[in-house]
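Colleague: I should be grateful for a close look at a single part of this model. Please take the largest nonpolar core and the way the two chains are arranged around it.

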2 protein chains.
Amino acid sequence: MSVKITFPDGAQKEFNSGITALEIANQLSNSLAKKVLAVEVNGEVMDATLPIEKDATVKLLTWNDTEGKSTFWHSSAHLMAEAIESLYKGIKFGIGPPIEHGFYYDIDTGDTTLTLSDLEKIEKKMLELANKKNEYKRKPISKEEAISYFKDKGDEYKLELLEGLEDGSITFYTQGEFTDLCRGPHIPHTGHIKAIKLMKLAGAYWRGDEKRKQLTRIYGVTFPNQLELDEYLKMLEEAEKRDHRKLGQQLEIYTFDDEVGPGLPLWLPNGGFLIEKLEELAKKEEEEAGYLRVRTPHIAKEALYIRSGHIPYYKESMFPPMELDNVKYYLKAMNCPHHHKIFAAMPKSYKDLPIRLAEYGMCYRYEDSGSLFGLMRVRSLTINDAHIYCTKEQFASEFRAVNAMYLKYFKIFGIDKFKMRFSKHEPSKLGQKYMNEPELWIETENMVRDVLVSSGIPFDEVADEAAFYGPKIDIQIYSAIGREFTLATNQVDFAQGKRFNLKYANKDNQEEYPIIIHRAPLSTHERFIGFLLEHYAGNFPLWLAPKQIAVLPISDKFIPYSETVVKALKEKGFRVKIDERAEKIGKKIRDAEMMKIPYMTIIGEKEEQNKQISVRKHGKGDIGALTIEDFAVLLQEESVY
Amino acid sequence: MSVKITFPDGAQKEFNSGITALEIANQLSNSLAKKVLAVEVNGEVMDATLPIEKDATVKLLTWNDTEGKSTFWHSSAHLMAEAIESLYKGIKFGIGPPIEHGFYYDIDTGDTTLTLSDLEKIEKKMLELANKKNEYKRKPISKEEAISYFKDKGDEYKLELLEGLEDGSITFYTQGEFTDLCRGPHIPHTGHIKAIKLMKLAGAYWRGDEKRKQLTRIYGVTFPNQLELDEYLKMLEEAEKRDHRKLGQQLEIYTFDDEVGPGLPLWLPNGGFLIEKLEELAKKEEEEAGYLRVRTPHIAKEALYIRSGHIPYYKESMFPPMELDNVKYYLKAMNCPHHHKIFAAMPKSYKDLPIRLAEYGMCYRYEDSGSLFGLMRVRSLTINDAHIYCTKEQFASEFRAVNAMYLKYFKIFGIDKFKMRFSKHEPSKLGQKYMNEPELWIETENMVRDVLVSSGIPFDEVADEAAFYGPKIDIQIYSAIGREFTLATNQVDFAQGKRFNLKYANKDNQEEYPIIIHRAPLSTHERFIGFLLEHYAGNFPLWLAPKQIAVLPISDKFIPYSETVVKALKEKGFRVKIDERAEKIGKKIRDAEMMKIPYMTIIGEKEEQNKQISVRKHGKGDIGALTIEDFAVLLQEESVY
């Protein structure tokens, strides 16, 4: 018996039935086999050591794949547990999942109290165990046997987890001396783990329930080599310096207020300026691309969100209702239902399509107060939103144009590294997490893949992460220090047209539903400005900087001439701030540097006499004495994006 | 005994105690006396025929005063009641107040059914009774006697009204054969009423309560001469043609949707365009005037609105709360509390003042669904908002600059007629409707008056219409057809600085609270665009028109050349729309005229051959054939405001 394996590039090959992904990799290339961490078989991630017994589409997963990394970190959590168990007595284990960067394990340390010095000890033990190249061995087990194992071990946490599992679906994984209740998958052996850093200790309630016991959570991150770990730690250090919350306060970008509420940023004038500039850019680009601007209120009746599916599928992320004249009103979590209503109110035939409705609309989403984080996780978010209503024939060119707009923005903001993540539905969740339209899912997912492939944009495909109304493309971008941000999404929507009865007359004067593209290339103001603060380390390029030039008179005596300088620079269109305080020039320079104003002009005796200004560039130092004219010429190029 | 009377111009004169306003007028000028309808004595409006027994500030009220008109219409309601009582048997009377334009009376017609032809009959009778010049005679009456009178008459409505009145405060007014329970004031006699139009019949529940009897409401309007009535009716007719709701639909400006909710406009692309243009204008003007732009969320915790005073003083106009994490959140009804929080987060000494924070912020107010009206009364409103935080010394120049901005906008939009209405507090309502700061009220009201007087802006002073935190200036503007709109308000706020603890360090490094000016010269988008639709009759000036030029090919054959015309015009910065439908040119022109697109260019054989376009101006007709270059030059001046 043989099985036919289809690879991501479409190539097909026959193998003996029961072959493992690792064996396939070995046949292909020995060096590849050394890198294989797991495998995706027909969209499902599993151990690379499991036999494949039917024809299948197979993707070998390495460190370069998100799922490969995630499996690596999951296995590292088990390795950490093994190390802890071998070092301390009486430890009980809760859960140990991979996270965005690394993994954690929640443990009950009993009488032992762990400190930071323990982390070093555990790291050392982990490396020692990793070196043994112990296999991660999978073993299906009956519920009864599993219960008996953890009863003997005395781990009430695992016993509680077992209660929620169904007999027949339970597996154990063992590496070295350590056995865990786990559905996997795992990497082939511990030897892949070459560099380890345990980051911190924290408290975490068992099952997130404040009323239950607080366990000790140990966060860690691991890598297949020391170099990557070193780079990662360096990046973290740099990221801390560039923390958008710190810079946001220092540069007076935004603030929070207790009486307004958590997760609801108030944009100070410097932040307001950035927003205006970003909107100017978006409006210009969107106008050129044929978008029409609309405005919609921030609330609507419950009926709208029942129609849109937000109430059945998304209610937990929405604010609670207000009851008015016996009707429930909700804050909008997305702008789409409102835009659909506008489309519905416009006369349209196929000749009017595509119709592209754009709005920088502020939406409200409920985030748990514990997960709020600066501008990155907020409750009010201003989306660079637009919805494109088009025919099936227009879809490819519209979708391509949207991607081109992303790339244009990336260039403007110096975003060199990015990746698209194509999120698809999961057939088993149709009717629950996803609209129950199996054929339309396949059809639109194929259309999206075709455009992505033909545009040559790098992308990953992932199952079970689509929006409830259609497939989604998440755009991951990397800041100047290499940190990854999920910035924006493109969503393809085949469902809402019908639900909102958004018909147009086609060429044969028959009614049809448009395809809808949801897109937000500049993300939300909150997330994008948060990203830019880190990306630029607060040193906004001249065209974007709220204040471009600080005019610094050496003493009061030079204020009159300084004011003529301010006036002349303003007339040339620069954003200028004068520091008239009775402070020493050194202090004025330090303060302007602290505010990261791109240029400073220092004005004293010599400058006034020579009708010049002494120019200093932020973070660089003196440029020399110039006339205002020459200075303006110098800045010309930087003044536009 | 004599009394000293102070007139509005500050002049003072002695009269015998007990003199009436009418007698004073007679002494001043016989022709003035004929016009006096009522009088304001120390800020209180009363009959011109009542004796004045103490020194007082006196303003004689004529038809030119809002309160004079209102008294005239109130007396007209009594006249209508008299006419009805003389024509029909068994009529019972509810209430008959003046309204913005005219008056109504709610009556129980018993077995009689009134029709439109009855209105003519009543009008005729009213004129006949008016001619008799019957005096409106005031008579204080005991509650017992009043009850006995209406018991005899058999009017249960008046009896119910009497229940709510206190003995000693009750008055009757009688003219001719008709006596009414009424606190007045009234005009001297019916002879002033020279022109009468009863407008319509409607149903109205007694006391606005759906569970009670539906009465017949008769609306009417009266004037002191026929000419003004004719003009008013003509204006109404013109206003109907210019009805912003009709034009709003025809020009695709906005729409409402049942599933979104009443009073929540959705701005279609043409409306979205107008909004963008207005914001562009406002942002430019505000930037030049030194405003800083901020952004704030649309919700806040209850705590914020308790601090601001909105919950105690304004709650009935707010949306109901949402309860989140056990905290009540409210939609903002005004932007001020949010802006105050931003001011609080900014570092400031007297050198930083004035700080001017601007935001086109969308607010939400609860309006009874019955009082919603197109864009004029809505539940979501986008305010051209800003708050100026300044010192007392800066107040006059800041307030003057705000007024200058109003006048600049009036010029841009061709608003030739406007009036300011200076609304003051009412001392007896301190602590209820108004913050309890008697001295600050007087002080700020004086400052406002000084600026208004020294700026030479025409204004009326009215008591008991201030905002709860300070005096208010309502700006009344008149559309091209003379209809009055209350467009915007300026508010002076001496209270919030303290409530929000908004301190700044003054020259002596002492902490002080700023004065805050609330201003919104472009009103809300909703109200201003509603006004502009009527003002321009939908014919927006070229700079503001969503589409400026419609390119109309005579047939498909000329589409290619038409497209080069479109391209050339777009390159010159015009907003162009091409009509490529397979319709006759006549139909295309009619549709472009219907959409009130300022210019049409018709493209046929001749135009293509001569490399020209035939230009047609909306509402005017053909201009002739021109090159694109010449056409662009022709439009140059109109293209900017």
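Modeller: The account below begins with the core and then turns to the relation between the chains. The model is a predicted one. Its largest nonpolar core comprises 88 residues, and the residues with the most contacts inside that core are A:Ile299 and B:Ile299. Once neighbours within four places in sequence are set aside, A:Ile299 touches residues of both chains. Within chain A, its partners are A:Tyr305, A:Met322, A:Tyr329, A:Tyr330, A:Leu331, A:Lys332 and A:His338. From chain B, A:Ile299 is in contact with B:Val260, B:Leu264, B:Phe319, B:Leu331 and B:Tyr364. As a general matter, nonpolar side chains in soluble globular proteins tend to be buried together.

As to the arrangement of the chains, a turn of 179° with a shift of 0.1 Å along the axis lays chain A on chain B with an RMSD of 0.3 Å. This is the relation of a two-fold axis. In chain A, the C-alpha nearest that axis belongs to A:Met322, at 2.6 Å from it; A:Met322 is also among the contacts of A:Ile299 listed above. Of the interface residues of chain A, 100% are interface residues in chain B as well, so the copies meet through the same surface.

One further element deserves mention for its burial. Helix 9 of chain B, residues 269–288, has 16 of its 20 residues buried, so it is largely enclosed by the rest of the structure. From first C-alpha to last, helix 9 of chain B reaches 28 Å, close to the 28 Å expected at 1.5 Å a residue. After this helix comes B:Gly290, with a positive phi near 80°.

Key
Residues are numbered from 1 along each chain as its sequence is written. Chains are lettered from A and ligands numbered from 1 in the order in which they are written. This is a predicted model: local features need pLDDT of at least 70, side-chain atom pairs count only at pLDDT 80 or more; totals for chains, interfaces and linings use all residues. Side-chain values use heavy atoms; hydrogens and water are left out. A nonpolar core is a set of buried Ala, Val, Leu, Ile, Met, Phe, Trp, Tyr and Cys residues joined through side-chain atoms within 4.5 Å. Buried means under 20% relative accessible area, exposed over 50%, partly exposed in between (1.4 Å probe, protein chains only). Contact means heavy atoms within 4.5 Å. Copies are superposed by least squares on the C-alpha atoms of residues with pLDDT of at least 70 in both. Helices (H or I, at least four residues) and strands (E, at least two) are DSSP runs, numbered from the N terminus. The expected span of a helix is 1.5 Å times one less than its number of residues.
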